[in-house]
Amino acid sequence: MSYAVSPKLDCPHVPLCRALDEELGLPLFKDWLIEQGTSYIHNPACSSPGCSGYETWICLVCRRQLCSRYEEGHMADHYESMPMVNEKMSHSLAFSFSDGSFWCYDCDSYVYSPELREIARTFSDLKFPNGEGAPANNTNSSVFNPVFGTIASALPPRTPPITFDKLIEKLQKKEFQNVAVLTGAGISVAAGIPDFRTPGIGLYSRVAELNLPELERPEDIFRLELFKNNPYPFMKIAKEALLAPDVKPHPVNAHHFIKQLHNSKQLLLNYTQNIDGLELEAGLPLEKLVQAHGHMRSAHCWRCKASHSMDEFMEACMKYEPLLCTVCNRTDGDNEDSDDSNDGDQPATRGYVKPDIVFFGESLPHDFHENFARIDEADLIIVMGTSLKVYPFAFLVQATPSSVPIVVINRDNPGFDPSRILFLPGEIEDNVKLIMEALGWPTV
Ligand code: CNA
(Lines give C-alpha, C1' and ligand atoms only; values in the text may rest on other atoms or scores of the structure.)
Protein backbone atom coordinates (compact mmCIF):
# COMPACT_ATOMS: atom_id res chain seq x y z
CA MET A 1 0.00 0.00 0.00
CA SER A 2 1.45 3.36 -0.82
CA TYR A 3 -0.52 6.53 -0.43
CA ALA A 4 0.98 9.88 -1.42
CA VAL A 5 -0.53 11.15 1.84
CA SER A 6 -0.63 8.82 4.86
CA PRO A 7 -4.18 7.55 5.35
CA LYS A 8 -5.59 7.14 8.85
CA LEU A 9 -5.41 3.43 9.64
CA ASP A 10 -7.70 3.30 12.63
CA CYS A 11 -10.76 5.24 11.49
CA PRO A 12 -13.49 4.19 13.94
CA HIS A 13 -16.20 4.78 11.32
CA VAL A 14 -15.14 1.83 9.17
CA PRO A 15 -16.20 -0.86 11.69
CA LEU A 16 -19.19 1.28 12.63
CA CYS A 17 -20.30 1.35 9.01
CA ARG A 18 -19.95 -2.44 8.75
CA ALA A 19 -21.97 -2.93 11.95
CA LEU A 20 -24.62 -0.65 10.56
CA ASP A 21 -24.80 -2.65 7.32
CA GLU A 22 -25.46 -5.74 9.41
CA GLU A 23 -28.14 -3.94 11.39
CA LEU A 24 -29.79 -2.75 8.19
CA GLY A 25 -29.41 -6.16 6.54
CA LEU A 26 -27.31 -4.76 3.69
CA PRO A 27 -24.87 -7.04 1.84
CA LEU A 28 -21.13 -6.46 2.21
CA PHE A 29 -20.23 -3.41 0.18
CA LYS A 30 -17.90 -5.41 -2.05
CA ASP A 31 -20.64 -7.97 -2.80
CA TRP A 32 -22.99 -5.12 -3.58
CA LEU A 33 -20.43 -3.70 -6.04
CA ILE A 34 -20.28 -7.06 -7.82
CA GLU A 35 -24.09 -7.13 -7.95
CA GLN A 36 -24.14 -3.68 -9.57
CA GLY A 37 -21.88 -4.96 -12.33
CA THR A 38 -19.42 -3.31 -14.63
CA SER A 39 -21.83 -0.87 -16.28
CA TYR A 40 -22.28 0.77 -12.89
CA ILE A 41 -18.54 0.87 -12.28
CA HIS A 42 -17.93 2.41 -15.71
CA ASN A 43 -20.65 5.05 -15.39
CA PRO A 44 -19.56 7.22 -12.50
CA ALA A 45 -21.93 10.13 -13.04
CA CYS A 46 -23.21 12.21 -10.14
CA SER A 47 -26.74 11.19 -9.20
CA SER A 48 -27.71 14.67 -8.06
CA PRO A 49 -30.49 15.98 -10.35
CA GLY A 50 -29.17 18.18 -13.14
CA CYS A 51 -25.50 17.68 -12.19
CA SER A 52 -23.05 16.79 -14.91
CA GLY A 53 -20.20 15.98 -12.50
CA TYR A 54 -18.25 12.85 -13.38
CA GLU A 55 -15.47 12.83 -10.78
CA THR A 56 -17.58 10.92 -8.30
CA TRP A 57 -17.52 9.22 -4.97
CA ILE A 58 -19.89 6.70 -3.47
CA CYS A 59 -21.24 6.97 0.06
CA LEU A 60 -20.41 3.74 1.89
CA VAL A 61 -23.31 4.32 4.25
CA CYS A 62 -26.23 4.79 1.83
CA ARG A 63 -24.44 3.96 -1.46
CA ARG A 64 -25.41 7.15 -3.19
CA GLN A 65 -23.05 8.24 -5.96
CA LEU A 66 -22.16 11.94 -5.93
CA CYS A 67 -19.55 14.26 -7.36
CA SER A 68 -16.40 15.51 -5.64
CA ARG A 69 -15.16 18.95 -4.66
CA TYR A 70 -13.41 19.12 -8.04
CA GLU A 71 -16.90 19.20 -9.59
CA GLU A 72 -19.98 20.45 -7.70
CA GLY A 73 -19.05 19.06 -4.29
CA HIS A 74 -22.33 17.15 -3.95
CA MET A 75 -20.78 14.40 -1.80
CA ALA A 76 -19.67 16.95 0.79
CA ASP A 77 -23.17 18.49 0.75
CA HIS A 78 -24.61 15.01 1.21
CA TYR A 79 -22.43 14.41 4.29
CA GLU A 80 -23.45 17.74 5.79
CA SER A 81 -27.16 17.49 5.10
CA MET A 82 -27.98 13.84 5.81
CA PRO A 83 -29.16 12.91 9.31
CA MET A 84 -27.38 10.25 11.34
CA VAL A 85 -28.43 6.69 10.51
CA ASN A 86 -30.01 4.91 13.51
CA GLU A 87 -28.51 7.69 15.64
CA LYS A 88 -25.15 5.99 15.12
CA MET A 89 -23.39 7.11 12.07
CA SER A 90 -23.26 10.11 9.77
CA HIS A 91 -22.74 9.67 6.02
CA SER A 92 -19.06 10.16 6.53
CA LEU A 93 -17.32 7.43 4.53
CA ALA A 94 -16.87 7.79 0.81
CA PHE A 95 -15.02 5.80 -1.85
CA SER A 96 -13.58 7.41 -4.96
CA PHE A 97 -14.56 5.98 -8.33
CA SER A 98 -11.56 7.73 -9.84
CA ASP A 99 -8.68 6.35 -7.90
CA GLY A 100 -9.94 3.83 -5.33
CA SER A 101 -9.16 5.95 -2.28
CA PHE A 102 -11.39 6.35 0.80
CA TRP A 103 -12.22 9.58 2.59
CA CYS A 104 -13.83 9.96 6.00
CA TYR A 105 -15.50 13.33 6.48
CA ASP A 106 -15.76 12.81 10.24
CA CYS A 107 -12.04 12.09 10.53
CA ASP A 108 -11.28 14.68 7.84
CA SER A 109 -8.71 12.29 6.40
CA TYR A 110 -8.06 9.60 3.85
CA VAL A 111 -8.57 6.27 5.58
CA TYR A 112 -7.58 2.68 4.90
CA SER A 113 -8.06 -0.76 6.43
CA PRO A 114 -8.09 -4.40 5.30
CA GLU A 115 -11.86 -4.24 4.87
CA LEU A 116 -11.54 -1.19 2.66
CA ARG A 117 -8.73 -2.87 0.78
CA GLU A 118 -11.14 -5.69 -0.10
CA ILE A 119 -13.56 -3.13 -1.52
CA ALA A 120 -10.82 -1.42 -3.52
CA ARG A 121 -9.59 -4.76 -4.88
CA THR A 122 -13.10 -5.80 -5.90
CA PHE A 123 -13.58 -2.45 -7.61
CA SER A 124 -10.21 -2.69 -9.33
CA ASP A 125 -10.92 -6.27 -10.49
CA LEU A 126 -14.23 -5.16 -11.99
CA LYS A 127 -12.91 -2.04 -13.59
CA PHE A 128 -9.56 -3.39 -14.78
CA PRO A 129 -10.08 -7.12 -15.21
CA ASN A 130 -6.52 -7.59 -16.51
CA GLY A 131 -5.06 -5.83 -13.49
CA GLU A 132 -3.58 -3.08 -15.62
CA GLY A 133 -4.35 -0.31 -13.10
CA ALA A 134 -5.88 3.09 -13.71
CA PRO A 135 -6.04 4.21 -17.34
CA ALA A 136 -4.11 7.35 -18.25
CA ASN A 137 -7.25 9.40 -18.80
CA ASN A 138 -8.52 8.69 -15.29
CA THR A 139 -6.31 11.19 -13.54
CA ASN A 140 -8.69 13.78 -12.14
CA SER A 141 -7.19 13.38 -8.68
CA SER A 142 -3.92 11.94 -9.79
CA VAL A 143 -2.34 12.48 -6.39
CA PHE A 144 -3.81 9.13 -5.31
CA ASN A 145 -3.12 7.12 -8.42
CA PRO A 146 -0.38 5.15 -6.63
CA VAL A 147 -3.25 3.38 -4.86
CA PHE A 148 -4.27 1.70 -8.08
CA GLY A 149 -0.74 0.57 -8.77
CA THR A 150 -0.54 -1.16 -5.42
CA ILE A 151 -3.96 -2.71 -5.69
CA ALA A 152 -2.98 -4.17 -9.04
CA SER A 153 0.29 -5.43 -7.60
CA ALA A 154 -1.65 -7.08 -4.77
CA LEU A 155 -3.56 -9.21 -7.23
CA PRO A 156 -1.11 -11.97 -8.26
CA PRO A 157 -2.46 -15.44 -7.62
CA ARG A 158 -1.78 -16.90 -4.19
CA THR A 159 1.54 -18.70 -4.01
CA PRO A 160 1.83 -21.98 -2.07
CA PRO A 161 3.38 -21.54 1.38
CA ILE A 162 7.12 -21.79 1.79
CA THR A 163 8.46 -25.03 3.29
CA PHE A 164 10.81 -25.19 6.28
CA ASP A 165 13.70 -26.43 4.11
CA LYS A 166 13.15 -23.71 1.52
CA LEU A 167 13.04 -21.10 4.28
CA ILE A 168 16.43 -22.21 5.57
CA GLU A 169 17.90 -22.47 2.07
CA LYS A 170 16.73 -19.00 1.07
CA LEU A 171 17.93 -17.45 4.34
CA GLN A 172 21.28 -19.18 3.94
CA LYS A 173 21.69 -17.96 0.37
CA LYS A 174 20.54 -14.49 1.44
CA GLU A 175 17.78 -14.61 -1.12
CA PHE A 176 15.61 -12.83 1.44
CA GLN A 177 16.91 -9.31 1.82
CA ASN A 178 14.01 -7.60 3.52
CA VAL A 179 12.57 -9.76 6.26
CA ALA A 180 9.86 -8.07 8.31
CA VAL A 181 9.50 -9.61 11.76
CA LEU A 182 6.22 -8.92 13.55
CA THR A 183 6.34 -9.78 17.22
CA GLY A 184 4.21 -9.84 20.33
CA ALA A 185 4.31 -10.76 23.98
CA GLY A 186 4.79 -14.50 23.28
CA ILE A 187 8.47 -14.05 22.35
CA SER A 188 9.28 -12.68 25.81
CA VAL A 189 7.43 -15.36 27.78
CA ALA A 190 10.58 -17.51 27.89
CA ALA A 191 12.36 -14.47 29.37
CA GLY A 192 9.92 -14.58 32.28
CA ILE A 193 7.48 -11.85 31.18
CA PRO A 194 3.88 -13.06 31.02
CA ASP A 195 1.89 -12.36 27.84
CA PHE A 196 -1.62 -10.89 27.95
CA ARG A 197 -4.01 -13.58 26.92
CA THR A 198 -2.62 -17.02 27.80
CA PRO A 199 -5.23 -18.36 30.24
CA GLY A 200 -4.06 -18.78 33.81
CA ILE A 201 -0.66 -17.14 33.41
CA GLY A 202 -1.21 -14.11 31.15
CA LEU A 203 -1.37 -10.60 32.59
CA TYR A 204 -5.13 -10.44 32.06
CA SER A 205 -5.64 -13.50 34.31
CA ARG A 206 -3.47 -11.78 36.91
CA VAL A 207 -5.54 -8.61 36.64
CA ALA A 208 -8.74 -10.65 37.00
CA GLU A 209 -7.34 -12.25 40.19
CA LEU A 210 -6.74 -8.81 41.70
CA ASN A 211 -10.50 -8.27 41.59
CA LEU A 212 -10.34 -4.56 41.00
CA PRO A 213 -13.92 -3.23 41.12
CA GLU A 214 -13.03 -0.30 38.82
CA LEU A 215 -12.48 -2.67 35.89
CA GLU A 216 -15.29 -4.10 33.83
CA ARG A 217 -12.80 -6.17 31.82
CA PRO A 218 -9.07 -6.83 32.48
CA GLU A 219 -8.21 -4.83 29.33
CA ASP A 220 -9.53 -1.71 31.10
CA ILE A 221 -6.29 -1.61 33.06
CA PHE A 222 -4.76 -0.04 29.92
CA ARG A 223 -7.68 2.26 29.14
CA LEU A 224 -6.64 5.91 29.09
CA GLU A 225 -10.07 7.14 30.20
CA LEU A 226 -9.82 5.10 33.39
CA PHE A 227 -6.23 6.10 34.09
CA LYS A 228 -7.04 9.80 33.72
CA ASN A 229 -9.57 9.63 36.53
CA ASN A 230 -8.13 6.83 38.58
CA PRO A 231 -4.51 5.78 38.05
CA TYR A 232 -4.52 3.36 41.02
CA PRO A 233 -5.49 0.13 39.16
CA PHE A 234 -2.69 0.62 36.62
CA MET A 235 -0.22 1.56 39.38
CA LYS A 236 -1.12 -1.63 41.23
CA ILE A 237 -0.48 -3.91 38.27
CA ALA A 238 2.62 -1.91 37.32
CA LYS A 239 3.97 -2.32 40.83
CA GLU A 240 3.17 -6.01 41.08
CA ALA A 241 3.71 -7.31 37.58
CA LEU A 242 5.32 -4.90 35.16
CA LEU A 243 8.07 -3.18 37.09
CA ALA A 244 9.09 -5.57 39.78
CA PRO A 245 9.50 -9.01 38.22
CA ASP A 246 11.09 -11.64 40.46
CA VAL A 247 14.02 -12.03 38.08
CA LYS A 248 15.37 -9.38 35.70
CA PRO A 249 14.43 -10.55 32.20
CA HIS A 250 17.11 -11.06 29.55
CA PRO A 251 16.76 -11.55 25.79
CA VAL A 252 16.09 -15.11 24.66
CA ASN A 253 16.66 -16.83 21.31
CA ALA A 254 13.72 -15.11 19.64
CA HIS A 255 15.31 -11.69 20.30
CA HIS A 256 18.77 -12.92 19.25
CA PHE A 257 17.31 -14.40 16.07
CA ILE A 258 16.03 -10.95 15.06
CA LYS A 259 19.44 -9.46 15.83
CA GLN A 260 21.12 -12.17 13.73
CA LEU A 261 18.85 -11.35 10.80
CA HIS A 262 20.07 -7.78 11.15
CA ASN A 263 23.71 -8.92 11.38
CA SER A 264 23.33 -10.84 8.15
CA LYS A 265 21.79 -7.72 6.51
CA GLN A 266 18.47 -9.42 5.87
CA LEU A 267 16.23 -7.57 8.31
CA LEU A 268 13.89 -4.92 6.96
CA LEU A 269 12.33 -4.01 10.31
CA ASN A 270 11.12 -5.59 13.51
CA TYR A 271 7.62 -4.30 14.19
CA THR A 272 6.94 -5.15 17.81
CA GLN A 273 4.00 -4.75 20.14
CA ASN A 274 6.28 -5.40 23.07
CA ILE A 275 7.23 -2.73 25.51
CA ASP A 276 10.02 -4.59 27.27
CA GLY A 277 12.89 -3.42 25.03
CA LEU A 278 14.53 -6.87 25.01
CA GLU A 279 15.22 -6.53 21.27
CA LEU A 280 17.43 -3.52 22.04
CA GLU A 281 19.10 -5.38 24.86
CA ALA A 282 19.92 -8.14 22.36
CA GLY A 283 21.75 -5.48 20.35
CA LEU A 284 19.21 -4.56 17.68
CA PRO A 285 19.71 -0.90 16.72
CA LEU A 286 16.75 1.37 17.49
CA GLU A 287 16.34 2.31 13.81
CA LYS A 288 15.50 -1.32 13.02
CA LEU A 289 12.79 -1.48 15.67
CA VAL A 290 9.27 -0.08 15.45
CA GLN A 291 7.79 -0.15 18.94
CA ALA A 292 4.15 0.11 17.94
CA HIS A 293 2.86 0.22 21.51
CA GLY A 294 5.61 2.38 22.97
CA HIS A 295 8.12 1.44 25.64
CA MET A 296 8.97 1.74 29.33
CA ARG A 297 12.15 3.79 29.00
CA SER A 298 10.49 7.14 29.62
CA ALA A 299 7.25 8.62 30.92
CA HIS A 300 5.04 11.63 30.29
CA CYS A 301 2.02 13.45 31.67
CA TRP A 302 -1.08 12.21 29.85
CA ARG A 303 -2.54 15.74 29.88
CA CYS A 304 0.20 18.26 29.04
CA LYS A 305 2.58 15.63 27.56
CA ALA A 306 5.54 16.96 29.57
CA SER A 307 8.33 14.39 29.82
CA HIS A 308 9.17 12.76 33.14
CA SER A 309 11.76 10.25 34.15
CA MET A 310 10.83 6.60 34.35
CA ASP A 311 12.75 6.32 37.64
CA GLU A 312 10.45 8.92 39.15
CA PHE A 313 7.40 6.98 37.94
CA MET A 314 8.74 3.67 39.26
CA GLU A 315 9.44 5.20 42.62
CA ALA A 316 5.86 6.48 42.77
CA CYS A 317 4.57 3.04 41.82
CA MET A 318 6.52 1.38 44.57
CA LYS A 319 4.98 3.80 47.05
CA TYR A 320 1.61 3.28 45.32
CA GLU A 321 1.17 7.04 45.01
CA PRO A 322 0.07 8.42 41.63
CA LEU A 323 2.66 10.78 40.25
CA LEU A 324 1.24 14.24 39.58
CA CYS A 325 2.85 16.16 36.76
CA THR A 326 4.83 19.08 38.16
CA VAL A 327 4.35 21.08 34.97
CA CYS A 328 0.57 21.25 34.71
CA ASN A 329 -0.38 20.69 38.36
CA ARG A 330 0.91 23.68 40.25
CA THR A 331 -0.12 22.43 43.69
CA ASP A 332 -2.10 19.57 45.20
CA GLY A 333 -5.20 21.73 44.75
CA ASP A 334 -7.34 22.42 41.70
CA ASN A 335 -5.80 23.03 38.30
CA GLU A 336 -6.86 26.61 37.86
CA ASP A 337 -5.28 26.96 34.46
CA SER A 338 -6.72 23.71 33.15
CA ASP A 339 -9.75 23.51 30.91
CA ASP A 340 -10.63 20.30 32.77
CA SER A 341 -10.92 22.15 36.07
CA ASN A 342 -13.38 21.22 38.78
CA ASP A 343 -16.90 22.14 37.87
CA GLY A 344 -18.83 21.22 40.98
CA ASP A 345 -19.59 17.53 41.38
CA GLN A 346 -17.00 16.42 38.85
CA PRO A 347 -13.56 15.81 40.32
CA ALA A 348 -10.80 17.75 38.57
CA THR A 349 -8.96 15.68 36.03
CA ARG A 350 -5.36 15.83 37.08
CA GLY A 351 -2.27 15.52 34.99
CA TYR A 352 -0.86 12.15 36.05
CA VAL A 353 2.39 10.71 34.77
CA LYS A 354 2.29 7.43 32.87
CA PRO A 355 4.99 5.42 31.09
CA ASP A 356 5.35 5.95 27.34
CA ILE A 357 3.36 2.84 26.53
CA VAL A 358 0.29 3.19 24.35
CA PHE A 359 -2.97 2.82 26.22
CA PHE A 360 -6.29 1.98 24.58
CA GLY A 361 -7.60 5.38 23.49
CA GLU A 362 -4.17 6.77 22.60
CA SER A 363 -2.69 7.14 19.13
CA LEU A 364 0.12 4.88 18.10
CA PRO A 365 3.56 6.53 17.81
CA HIS A 366 4.41 8.40 14.59
CA ASP A 367 7.10 5.82 14.08
CA PHE A 368 4.45 3.17 13.46
CA HIS A 369 2.49 5.22 10.94
CA GLU A 370 5.66 6.37 9.19
CA ASN A 371 6.87 2.81 8.79
CA PHE A 372 3.53 1.12 8.10
CA ALA A 373 3.84 1.29 4.32
CA ARG A 374 7.36 -0.17 4.46
CA ILE A 375 5.77 -3.58 5.04
CA ASP A 376 5.29 -3.48 1.24
CA GLU A 377 9.08 -3.78 0.87
CA ALA A 378 9.12 -7.10 2.73
CA ASP A 379 10.10 -10.24 0.82
CA LEU A 380 9.41 -12.48 3.84
CA ILE A 381 7.22 -11.96 6.88
CA ILE A 382 7.83 -13.74 10.16
CA VAL A 383 5.11 -13.46 12.80
CA MET A 384 6.08 -14.57 16.31
CA GLY A 385 4.32 -14.62 19.66
CA THR A 386 1.20 -12.63 18.94
CA SER A 387 -2.53 -13.32 18.92
CA LEU A 388 -2.93 -10.43 16.41
CA LYS A 389 -5.94 -9.19 18.35
CA VAL A 390 -4.80 -5.60 18.67
CA TYR A 391 -5.46 -3.13 15.85
CA PRO A 392 -4.08 -1.29 13.96
CA PHE A 393 -0.97 -3.47 14.47
CA ALA A 394 -2.81 -6.48 13.07
CA PHE A 395 -3.47 -4.57 9.84
CA LEU A 396 0.22 -4.98 9.03
CA VAL A 397 -0.13 -8.60 7.99
CA GLN A 398 -3.49 -8.10 6.38
CA ALA A 399 -2.03 -5.37 4.18
CA THR A 400 0.66 -7.64 2.75
CA PRO A 401 0.54 -8.72 -0.89
CA SER A 402 -0.38 -12.39 -1.19
CA SER A 403 2.88 -13.19 -2.99
CA VAL A 404 5.02 -12.61 0.10
CA PRO A 405 5.63 -15.80 2.11
CA ILE A 406 4.54 -15.72 5.75
CA VAL A 407 6.05 -17.83 8.54
CA VAL A 408 4.09 -17.99 11.79
CA ILE A 409 5.88 -19.14 14.93
CA ASN A 410 3.34 -19.34 17.72
CA ARG A 411 1.56 -21.78 19.99
CA ASP A 412 -1.65 -21.32 18.05
CA ASN A 413 -2.54 -19.97 14.62
CA PRO A 414 -3.66 -16.36 15.18
CA GLY A 415 -6.22 -16.50 12.37
CA PHE A 416 -4.26 -17.02 9.14
CA ASP A 417 -5.55 -19.08 6.25
CA PRO A 418 -3.49 -22.25 6.97
CA SER A 419 -2.94 -22.90 3.26
CA ARG A 420 -1.16 -19.56 2.99
CA ILE A 421 1.51 -19.87 5.71
CA LEU A 422 4.34 -21.97 7.03
CA PHE A 423 3.06 -22.53 10.57
CA LEU A 424 5.52 -23.68 13.21
CA PRO A 425 3.36 -24.48 16.23
CA GLY A 426 4.61 -25.17 19.76
CA GLU A 427 7.12 -23.32 21.90
CA ILE A 428 8.63 -20.32 20.15
CA GLU A 429 12.06 -20.93 21.62
CA ASP A 430 12.17 -24.51 20.31
CA ASN A 431 11.28 -23.48 16.78
CA VAL A 432 13.54 -20.44 16.68
CA LYS A 433 16.41 -22.59 17.97
CA LEU A 434 15.79 -25.09 15.17
CA ILE A 435 16.02 -22.32 12.59
CA MET A 436 19.10 -20.74 14.15
CA GLU A 437 20.92 -24.07 14.42
CA ALA A 438 20.06 -24.91 10.81
CA LEU A 439 21.59 -21.57 9.82
CA GLY A 440 24.63 -22.09 12.05
CA TRP A 441 23.78 -19.05 14.15
CA PRO A 442 24.72 -19.03 17.86
CA THR A 443 21.93 -19.68 20.36
CA VAL A 444 21.67 -18.96 24.07
P1 CNA B 1 -1.19 -11.85 23.48
O2 CNA B 1 -2.53 -11.48 23.01
O3 CNA B 1 -1.02 -12.22 24.91
O4 CNA B 1 -0.72 -13.10 22.56
C5 CNA B 1 0.47 -13.80 22.79
C6 CNA B 1 0.54 -14.96 21.81
O7 CNA B 1 1.75 -15.63 22.01
C8 CNA B 1 -0.60 -15.98 21.99
O9 CNA B 1 -1.08 -16.37 20.73
C10 CNA B 1 0.08 -17.13 22.71
O11 CNA B 1 -0.49 -18.39 22.40
C12 CNA B 1 1.48 -17.04 22.18
N13 CNA B 1 2.48 -17.55 23.12
C14 CNA B 1 2.68 -17.15 24.40
N15 CNA B 1 3.72 -17.81 24.93
C16 CNA B 1 4.18 -18.63 23.97
C17 CNA B 1 5.23 -19.56 23.91
N18 CNA B 1 6.04 -19.78 24.95
N19 CNA B 1 5.42 -20.26 22.76
C20 CNA B 1 4.60 -20.08 21.70
N21 CNA B 1 3.60 -19.19 21.69
C22 CNA B 1 3.39 -18.48 22.81
O23 CNA B 1 -0.10 -10.74 23.16
P24 CNA B 1 0.03 -9.80 21.87
O25 CNA B 1 1.44 -9.37 21.82
O26 CNA B 1 -0.57 -10.40 20.67
O27 CNA B 1 -0.90 -8.60 22.30
C28 CNA B 1 -0.52 -7.35 22.13
C29 CNA B 1 -0.23 -6.62 23.46
C30 CNA B 1 0.52 -7.43 24.45
C31 CNA B 1 0.63 -5.45 23.21
O32 CNA B 1 -0.07 -4.28 23.42
C33 CNA B 1 1.83 -5.55 24.17
O34 CNA B 1 2.21 -4.31 24.65
C35 CNA B 1 1.34 -6.42 25.22
N36 CNA B 1 2.30 -7.10 26.09
C37 CNA B 1 3.64 -6.96 25.94
C38 CNA B 1 4.51 -7.62 26.79
C39 CNA B 1 5.99 -7.42 26.62
O40 CNA B 1 6.44 -6.33 26.28
N41 CNA B 1 6.79 -8.49 26.82
C42 CNA B 1 4.02 -8.44 27.80
C43 CNA B 1 2.62 -8.58 27.93
C44 CNA B 1 1.77 -7.91 27.08
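**Helix packing, sheets and nonpolar cores in the predicted model**

In helix 11, the buried residues are N253, A254, H255, H256, F257, I258, K259, Q260 and L261. The structure described here is a predicted model. Helix 11 spans residues 253-263 and is mostly covered, with nine of its eleven residues buried. The partners of these buried residues are helix 7 (164-172), strand 6 (179-183), strand 7, helix 12, strand 12 (380-384) and helix 16 (428-439). Just after helix 11, a positive phi of about 60° is found at K265.

Strand 7 (267-272) is followed by a loop that leads to helix 12 (278-281), and Q273 lies in this loop. Q273 counts as buried because its relative accessibility is 12%, and buried means under 20%. The side chain of Q273 is joined to that of T386 by a polar contact of 2.9 Å. When neighbours within four places in sequence are left aside, Q273 is in contact with T183, G184, H293, T386, V390 and F393.

With the corresponding neighbours in sequence left aside, Y271 is in contact with A180, V181, L182, T183, V290, N371, F372, R374, I375, F393 and L396. Y271 also belongs to the largest nonpolar core, which has 63 residues. The residues with the most contacts inside this core are L60, L93, F102, L182, Y271, I381 and V383. Helix 5 (residues 114-127) supplies the largest share of the core, namely five residues. Another core lies apart from this one and has 30 residues, including Y204, F222, F234 and C317.

Two open sheets were examined in turn. One is an open sheet of five strands, in which the strands follow the order 2-1-3-4-5 and pairing is antiparallel. Strand 2 (65-67) and strand 5 (109-111) stand at the edges; each has a single partner strand, so one side of each is left without a neighbour in the sheet. On average, and with direction ignored, neighbouring strands of this sheet are turned by 40° against each other. The pairing of strand 4 (residues 102-104) with strand 5 is antiparallel and extends over three bridges. Within strand 5, S109 is the bridge partner of C104. Helix 4 (residues 74-81) lies across strand 1 (56-59), strand 2 and strand 3 (93-96), and its direction is at about 120° to strand 2.

The other is an open sheet of three strands with the order 10-9-11, again with antiparallel pairing. Its edge strands, strand 10 (307-309) and strand 11 (353-357), each pair on one side only. Neighbouring strands of this sheet are turned by 50° against each other on average, direction ignored. Strand 9 (residues 294-301) and strand 11 run antiparallel and are joined by four bridges. Opposite H300 stands K354 in strand 11. Helix 13 (residues 310-319) packs on this sheet, where it touches strand 9, strand 10 and strand 11. The direction of helix 13 makes about 65° with that of strand 10.

Conventions
Residues are numbered from 1 along each chain as its sequence is written. This is a predicted model: local features need pLDDT of at least 70, side-chain atom pairs count only at pLDDT 80 or more; totals for chains, interfaces and linings use all residues. Side-chain values use heavy atoms; hydrogens and water are left out. Buried means under 20% relative accessible area, exposed over 50%, partly exposed in between (1.4 Å probe, protein chains only). A polar contact is a pair of N or O atoms within 3.5 Å; within protein, one must be able to donate a hydrogen and the other to accept it, and residues adjacent in sequence count only if both atoms are side-chain atoms. Contact means heavy atoms within 4.5 Å. Two strands pair if DSSP finds at least two bridges between them. Axes are lines fitted to C-alpha atoms, for helices over the stretch in contact, and angles run from 0 to 180 degrees between N-to-C directions. A nonpolar core is a set of buried Ala, Val, Leu, Ile, Met, Phe, Trp, Tyr and Cys residues joined through side-chain atoms within 4.5 Å.
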